[in-house]
Amino acid sequence: MKVSFKVKLAHILENGDSIQFECFMEADNHNVAYEAAKLQFLQAIKGLSTETCIEIDKSKIAAGAY
């Protein structure tokens, strides 16, 4: 039986910056949702890598974050 999942993934770069991905999906269990989300994340990054300009739809900027 499929269950609805909201999956959030983050890839942490060597300098501490992160690339985050969030998706919604139907899957049989947590592990299946995780693996499917990783594939979607990779496809999204591949798609963005061919763009000359990335459109940002949402942002959050905090002053004095350190």
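Let's start with helix α1, which spans residues 30–49 and includes Ile45. The model you are looking at is predicted. From Ile45 we can move to a nonpolar patch on the surface, then to the largest nonpolar core and the one aromatic pair of the structure.

**On the surface**
- Ile45 is partly exposed, because its relative accessibility is 38% and that class lies between 20% and 50%.
- Together with Leu13 and Ile19, Ile45 makes up a nonpolar surface patch, and the three share about 210 Å² of accessible area.

**In the core**
- In soluble globular proteins, nonpolar side chains tend to be buried together.
- Here the largest nonpolar core has 10 residues: Phe5, Val7, Leu9, Phe21, Cys23, Met25, Ala27, Ala33, Ala37 and Phe41.
- Two or more residues of this core come from each of β1 (3–12), β2 (18–27) and α1.
- Strand β2 gives the largest share, with four residues.
- Phe5 is one of the core residues; beyond its neighbours within four places in sequence, Phe5 is in contact with Cys23, Phe24, Met25, Ala27, Asn29, His30 and Ala33.

**The aromatic pair**
- A pair of aromatic rings is described by the distance of the centres and the angle of the planes.
- The structure has one such pair, formed by Phe21 and Phe41.
- Their rings are stacked, at 5.1 Å centre to centre with 15 degrees between the planes.
- The pair links distant parts of the chain, 20 residues apart: Phe21 sits in strand β2 and Phe41 in helix α1.
- Both Phe21 and Phe41 are buried, and both belong to the largest nonpolar core.

Key: Residues are numbered from 1 along each chain as its sequence is written. This is a predicted model: local features need pLDDT of at least 70, side-chain atom pairs count only at pLDDT 80 or more; totals for chains, interfaces and linings use all residues. Side-chain values use heavy atoms; hydrogens and water are left out. Patches are made of residues with over 30% relative accessible area and no salt bridge: like charges are joined within 9 Å, nonpolar side chains (Val, Leu, Ile, Met, Phe, Trp, Tyr) within 5 Å. Accessible areas come from the Shrake-Rupley method with a 1.4 Å probe; for residues, only the protein chains shown count as cover. A salt bridge is a side-chain nitrogen of Lys or Arg within 4 Å of a carboxyl oxygen of Asp or Glu. Buried means under 20% relative accessible area, exposed over 50%, partly exposed in between (1.4 Å probe, protein chains only). A nonpolar core is a set of buried Ala, Val, Leu, Ile, Met, Phe, Trp, Tyr and Cys residues joined through side-chain atoms within 4.5 Å. Contact means heavy atoms within 4.5 Å. Rings of Phe, Tyr and Trp (its six-membered ring) pair if their centres lie within 6.5 Å; planes under 30 degrees apart count as stacked, over 60 as edge-to-face and the rest as tilted.
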